[in-house]
Amino acid sequence: MTRFEPITPQGLVQLCTERCADLDGIAVVGVDGAPAAGPDLLASEIVDGLRARGRAAAVVRTSDYLRPASLRLEYGRSDPESYRESWFDFAAIDREVVDAVRTHRRWLPRLWNPVRDRSFRDEHEQATDSQIIVLAGPMLRTQALELDLVIHLAMSEGALRRRTPDAEQWTIEPLLDDDAYAPTADLEVRYDHPDRPALARTN
């Protein structure tokens, strides 16, 4: 039976940081959450905590790995299926981050600039022997990425509708659909109120 216990935002950051710090060698961690949950914010706090402990760490945002506009917007600017299938370049994330950091000890911080609709032209970063990459963004759990630890910031439909800008409300349906098929994360966090999170505990 799963129950949720309240935890402070600071306590959540500390717990996530400790779980990441316990990982040996090069590791890739996922912070999976809708944009409304701000997964990149938690990822940045985790990275700050890891660096304070002397561990090399960096954030990679899925929003920096969007596919070109010709592919993302092929069926319009608000097509739910496109958001799930064509919006984010998860194949490139797997190739340039997840596999690259383990196989070649390097990773590409950013790939595609959606404003200019062209490559960021970033150089690859070199990894240390104990490098941690914290990958942040939505729909990570259904992408078959080889992640060493997954943290999920779960939001109900009501919370998503309250916290998602009007222009992005069309993304809520595909986010909920994806969530319905996603496996359970290593750390499940109820995140309807980010200032009052709750952590899943299994008896």
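## The enclosed cavity

The largest cavity of this predicted model is lined by 15 residues, and those lying nearest its centre are Ala34, Arg141, His152, Leu175 and Asp179. Its volume comes to about 150 Å³, and a search of the whole structure finds one cavity of 30 Å³ or more.

Three elements, namely E2, E9 and helix H7 (172-181), each supply at least two residues of this lining, with H7 giving the most, at four residues. Sorted by class, the lining of the largest cavity divides into nine nonpolar, two polar and four charged residues.

## Helix H2 and its two sides

Helix H2 runs over residues 39-52, which makes 14 residues, and it reaches 20 Å from its first C-alpha to its last, close to the 20 Å expected at 1.5 Å a residue. Its buried residues are Pro39, Leu42, Ala43, Ile46, Val47 and Leu50. Because these residues cover an arc of only 140 degrees around the axis, they fall on the same side of H2. The general geometry of an α-helix is relevant to such a pattern: there are 3.6 residues a turn, so residues three or four places apart point the same way.

The buried residues of H2 pack against one helix, H1 (9-21), and against the strands E2 (27-33), E3 (57-61), E8 (132-137) and E9 (149-154). On the other side of H2, by contrast, Leu41, Asp48 and Ala52 are exposed. Just after the helix, Gly54 takes a positive phi of about 90 degrees.

## The largest pocket

About 500 Å³ of space lies in the largest pocket, and 24 residues line it, of which Pro35, Ser63, Tyr83, Phe88 and Glu168 lie nearest its centre. H2 takes part in this lining, since H2 and E8 each supply at least two residues of it. By class, the lining of the largest pocket is made up of 13 nonpolar, five polar and six charged residues.

## The second largest pocket

The second largest pocket has a volume of about 220 Å³. It is lined by 14 residues, and the closest to its centre are Leu41, Leu42, Glu45, Tyr191 and Pro194. Two of these names have already appeared in the account of H2, where Leu42 is among the buried residues and Leu41 is among the exposed ones.

H1 and H2 each supply at least two residues of the lining of this second largest pocket, and H1 gives the most, with four residues. In terms of class, 10 of the residues in the lining are nonpolar, two are polar and two are charged.

## Two loop residues and their contacts

Ser86 is found in the loop between helix H4 (80-85) and helix H5 (90-103). Its relative accessibility is 17%, and it therefore counts as buried, the cut-off for that class being under 20%. When its neighbours within four places in sequence are left aside, Ser86 is in contact with Arg67, Leu71, Arg72 and Glu81.

Gln169 is found in another loop, the one between helix H6 (157-163) and H7. Leaving aside its neighbours within four places in sequence, Gln169 is in contact with Leu160, Arg161 and Thr164. The C-alpha atoms of Gln169 and Ala91, which stand 78 residues apart along the chain, are separated by 26 Å.

## Positive phi outside glycine

Arg105 has a phi near 55 degrees, a positive value in a residue other than glycine, and it lies in the loop between H5 and strand E4 (106-107). With a relative accessibility of 39%, Arg105 counts as partly exposed, a class that covers values between the 20% limit for buried and the 50% limit for exposed residues.

Asp117 likewise has a positive phi of about 55 degrees although it is not a glycine, and its place is the loop between strand E5 (112-113) and strand E6 (118-119). At 31% relative accessibility, Asp117 also counts as partly exposed.

How values were computed. Residues are numbered from 1 along each chain as its sequence is written. This is a predicted model: local features need pLDDT of at least 70, side-chain atom pairs count only at pLDDT 80 or more; totals for chains, interfaces and linings use all residues. Side-chain values use heavy atoms; hydrogens and water are left out. The expected span of a helix is 1.5 Å times one less than its number of residues. Buried means under 20% relative accessible area, exposed over 50%, partly exposed in between (1.4 Å probe, protein chains only). The arc is that of the directions from the helix axis to the C-beta atoms. Contact means heavy atoms within 4.5 Å. On a 1 Å grid over the protein atoms alone, a cavity is a set of points where a 1.4 Å probe fits but cannot get out, and a pocket is an open set with protein on both sides within 12 Å along at least five of seven lines; lining residues have an atom within 4 Å of a point. Grid points are joined across faces, edges and corners, and a volume is the space filled by probe spheres set on the points. Ala, Val, Leu, Ile, Met, Phe, Trp, Tyr, Cys and Pro count as nonpolar, Asp, Glu, Lys and Arg as charged, and the others, Gly among them, as polar.
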